[in-house]
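Work through the exercises below with the sequence and the structure at hand, and try each task before reading its solution.

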Amino acid sequence: MSRTVDQWLESGAAKLREVAERPRREAEILLGHILKCDQLYLIVHLDEEVEAEGYMALVQRRALNEPIEYITQSVSFFSQEFYISPGALIPRPETELLIEKLLEKIDPLSTESFVEVGVGSGVISIVLAQHLNNASFIATDISADAIAIAKKNIEFKGVSERIALVKTDLLEGIEQKIDILVSNPPYIANEVMLESNLDYEPQNALFGGEVGDEILQRLIDEAFERNVRILACEMGYDQKEKILAYCSDKKVKSLEFYSDYAGHDRGFIMEL
Ligand SMILES: C[S@@+](CC[C@H](N)C(=O)[O-])C[C@H]1O[C@@H](n2cnc3c(N)ncnc32)[C@H](O)[C@@H]1O
């Protein structure tokens, strides 16, 4: 069926009003995905008649609250596009802060060895590797699906030689010296009810245990046992006090917490 670009966008946006904050923008993303063009092209060609087979099916998926990133298999992070699919968590904007805060502590010429736990789609290790040309990286995940998605992104970004992927529980089997340990682990308590769009994401990427901070505590223990120099983690907005209490009898050089864009506590950088 042929309609103008504007008509397609209007009928798509009308169906997305319930689920999307910016329905017209999301309709543009979906139509652009089908027509293989960008938003600017659509805006300039609003009166052009186009065939858009499959577009309304994508709109329907989005209307059922499926995240737009899974539908288009693309996510923007650190001003770059990455491949994403339902086997891995959709990277969140606040995770860019974890990278920025960690990079502030690292010499750009660093030759240190980094390990990321819970690599997911690979974005953290990839962006760090792009900024730290001399550093080496091992990235682990317990999920084979996540490892496969990270592998695609690592190859796509041309950093395969710098990032080794290992499917394992936390750091099991990693014997190498670790200078910097970084993680955005699952940190939500198991019984917390989440918004329905989160049903589409892998649950082992979200839930960290009965209390929520179990994996964070395991990471802190590992960091001390392995003489790590820096541990950098994202955490839940209500976990700062628990982390402080957990570390109260441990000798740390510094422990700095940072907030996300909404002003909530969101992570910490610990120098051991
Ligand atoms: C919150 S997601 C973070 C993904 C990605 N690093 C990001 O920031 O977008 C947490 C990741 O940890 C992985 N994970 C959960 N438990 C794990 C464990 N015990 N060992 C290793 N990885 C684990 C999940 O599969 C998921 O990919």
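**Exercise 1.** In this predicted model, find which residues of α6 meet which residues of α7, and then describe how the two helices cross.

Solution. Begin with the contacts: T95, L98, I99 and L103 in α6 meet I124, V127, L128 and H131 in α7. Sorting the residues of this contact by character gives six nonpolar, two polar and no charged. Next comes the geometry, since two packed helices are described by the angle between their axes and the distance between the axes. The axes of α6 (residues 95-104) and α7 (residues 123-131) come within 10 Å and cross at roughly 35°, and the crossing is right-handed.

**Exercise 2.** Establish the strand order of the open sheet, and determine which strands α6 touches when it packs there.

Solution. Reading across the open sheet, the seven strands follow the order β7-β6-β5-β8-β11-β13-β12, with mixed pairing. The edges are β7 (163-167) and β12 (254-259), each of which pairs on one side only, and the twist from one strand to the next averages 15°. Within the sheet, β5 (residues 113-117) and β8 (residues 180-183) pair in the parallel sense over four bridges, and F114 stands opposite I180 in β8. Finally, α6 packs on the sheet by touching β8, β11 (230-234), β12 and β13 (265-271), and its direction makes about 25° with that of β13.

**Exercise 3.** Describe the shell of residues that surrounds the ligand.

Solution. The shell holds 23 residues, the closest being G118, G120, S143, N184 and A205. The elements that give two or more residues to this shell are α7 and β6 (136-141). By character, the shell divides into 13 nonpolar, eight polar and two charged residues.

Notes. Residues numbered from 1 in each chain as written. Predicted model: local features only at pLDDT ≥ 70, side-chain atom pairs only at ≥ 80, totals over all residues. Axes fitted to C-alpha atoms, helices over the stretch in contact; angles between N-to-C directions. Left-handed = near helix turned anticlockwise from the far one by under 90°. Contact = placed C-beta atoms within 7 Å. Nonpolar A, V, L, I, M, F, W, Y, C, P; charged D, E, K, R; others polar. Near = placed C-beta within 6 Å. Pairing = 2+ DSSP bridges.
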